[in-house]
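Here's a quick walk through the geometry of this one, with helix crossings, sheets, cores and a few backbone oddities. Have a look at the model first.

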Amino acid sequence: MAKIPHRFYLTEEQMPKQWYNLRADMKEQPAPLLNPATFKPIQEEDLYPIFCEKLAHQEIDSQTRYFDIPEEVLDMYKIFRPSPLCRAYNLEKELGTPAKIYYKFEGNNTSGSHKLNSAIAQAYYAKDQGLTSLTTETGAGQWGTALSEACAYFGLGLDIFMVKGSYEQKPFRKAVMEVFDGNVIPSPSMTTQVGKKILADKPNTTGSLGCAISEAVEKAVNTPNCRYVLGSVLNQVLLHQSIIGLESKKAMEILGEYPDVVVGCAGGGSNLGGLISAFMQDKLLGKSNTRFVAVEPASCPSLTRGKYAYDFCDTGKITPLAKMYTLGSGFIPSANHAGGLRYHGMSPILSKLYDDGYMEAVSYEQTKVFEAAVKFAKCETILPAPESAHAIKGAIDEALKCKESGEAKTILFGLTGTGYFDMKAYSEYLAGTMTDYIPSDEDLQKGFDTLPQIK
């Protein structure tokens, strides 16, 4: 058998033409979204003031297994997809493991991440509906960058509320968004009523994704011909990101491989949900027994230390409520460097799978994550984003377990993006000045105290 190449690409013709809806094969469905005014299950039409109508339908539809990818979306996908499936030969050698380590690399676009997969789809549906502008939030900046690219392509205006901690850490992210005409606002801000209230209560806050979501939604509902879009957590986002898993499975089939373990970083759930999608389908249908490992930061441990409960998706408590693993919408995470993983909750789909025992979860301090990132960069020549480095750390630990046991397992992880806008963080790690923050039980309780009382 010929040696498997370091990088393997599907052809354009082999690229999936449909997204896969994981809910269609789940034995038990995630709990429905709730209307924030009535606490009753939300109807599709209730979402129309916030989301594009076709996206609202994708959000609610749990029966349709596959959705056709519109031709206009496929045309833009072909600029940067299919993305490569890579074999980490050098990392395997460095670790001395019998395991085979693969990673799906999503950083081959200007956003530097997987986020463009959903940004293109959401911008397309907005344009198709005749809207003229969108609003959104962004943490580390990958989503804001991706949506700026997509909105520029489809001729839409865009307001981006960027978590203030990341806004101050990553000025060049702001510059890239502005290249694509994105209007970037540090959140919380004085441009919205909810932002003013948050600043009045906590004037020195570095913000959170929950804060930024509140501001973006408020701006959208008060702007004519505008809607809000979100880069993670939602069912529709995991649907669009399923292309990652579908491509991965197709490539591994061609190479004669199948993963024993799939590892992904976990913030809101977009990358992880997309990566595991096609393989989780096999597990749900009894065709495989693959292990799925979610890796999150110890500073924002929604799966490993959160509660499975209904919660608001935003700090201002104006969005629909989702049943998910959450730290409470009032939880303000430490301004650590994995900005894309600083969300208080987790995708309802992934939360349900985790609660039902189909997934595992671990958390790591950021110094250990950056140690893994540097090791990977030296071996594989790609500087990973801090978010991606969580998956790298998880994959390395799985490979070291194989070294101890002598098992030659096949490990697949998601390399969600590149870290070239995270040099301040790398500099702090290399200088030995990076610190770790793990919230105490008392810290977490402050967030849990904000949970709505819903039975």
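For angles between helices, under 35 degrees counts as roughly parallel, over 145 as roughly antiparallel, 65 to 115 as roughly perpendicular, and the rest as oblique. Axes are lines fitted to C-alpha atoms, for helices over the stretch in contact, and angles run from 0 to 180 degrees between N-to-C directions. Helices (H or I, at least four residues) and strands (E, at least two) are DSSP runs numbered from the N terminus.

Before going on: this is a predicted model, where local features need pLDDT of at least 70 and side-chain atom pairs count only at pLDDT 80 or more, while totals for chains, interfaces and linings use all residues. Residues are numbered from 1 along each chain as its sequence is written, and side-chain values use heavy atoms, with hydrogens and water left out.

**A helix pair**

Take helix H1 (residues 53-60) and helix H4 (residues 116-128): their axes come within 8 Å and cross at roughly 130°. H1 and H4 are therefore oblique to each other. Lys-54, Leu-55 and Gln-58 of H1 meet Gln-122, Tyr-125 and Asp-128 of H4, where contact means heavy atoms within 4.5 Å.

**The two sheets**

Strands count as paired if DSSP finds at least two bridges between them. One open sheet has 7 strands in the order E1-E4-E5-E15-E10-E11-E14, with mixed pairing. Strand E1 (7-8) and strand E14 (360-364) stand at the edges with a single partner strand each, so one side of each has no neighbour in the sheet. E1 pairs with strand E4 (residues 85-87) in the antiparallel sense over 2 bridges, and Phe-8 has Leu-85 in E4 as its bridge partner.

Helices lie across this sheet too. Helix H10 (residues 235-255) covers E1, E4, strand E5 (100-105) and strand E15 (410-415), running at about 140° to E5. Helix H11 (residues 270-284) lies across E5, strand E10 (261-265), strand E11 (291-297) and E15, at about 160° to E10.

The other open sheet has 4 strands, ordered E8-E7-E6-E9, and its pairing is parallel. Its edge strands are E8 (183-187) and E9 (226-228), each pairing on one side only. From one strand to the next, the twist averages 20°. Strand E6 (residues 133-138) pairs with E9 over 3 bridges, and Leu-134 stands opposite Arg-227 in E9. Helix H9 (residues 209-221) packs on this sheet and touches E6, strand E7 (157-163), E8 and E9, its direction making about 170° with that of E6.

**Cores**

A nonpolar core is a set of buried Ala, Val, Leu, Ile, Met, Phe, Trp, Tyr and Cys residues joined through side-chain atoms within 4.5 Å; buried means under 20% relative accessible area, exposed over 50%, and partly exposed in between (1.4 Å probe, protein chains only). The largest nonpolar core has 71 residues, and Leu-353 is one of those with the most contacts inside it. Among the residues Leu-353 touches are Leu-22, Ile-276 and Met-359. A second, separate core of 38 residues includes Cys-86 and Tyr-364.

**Backbone oddities**

Most residues other than glycine have a negative phi, and most peptide bonds are trans. Here are the cis bonds to check:

| Cis peptide bond | Omega |
|---|---|
| Arg-81 to Pro-82 | about -5° |
| Ser-187 to Pro-188 | about 5° |

Pro-82 sits in the loop between helix H2 (71-77) and E4. Asp-181 has a positive phi, near 70°, and at 63% relative accessibility it counts as exposed.

How values were computed:
Lists of a residue's contacts leave out its neighbours within four places in sequence.
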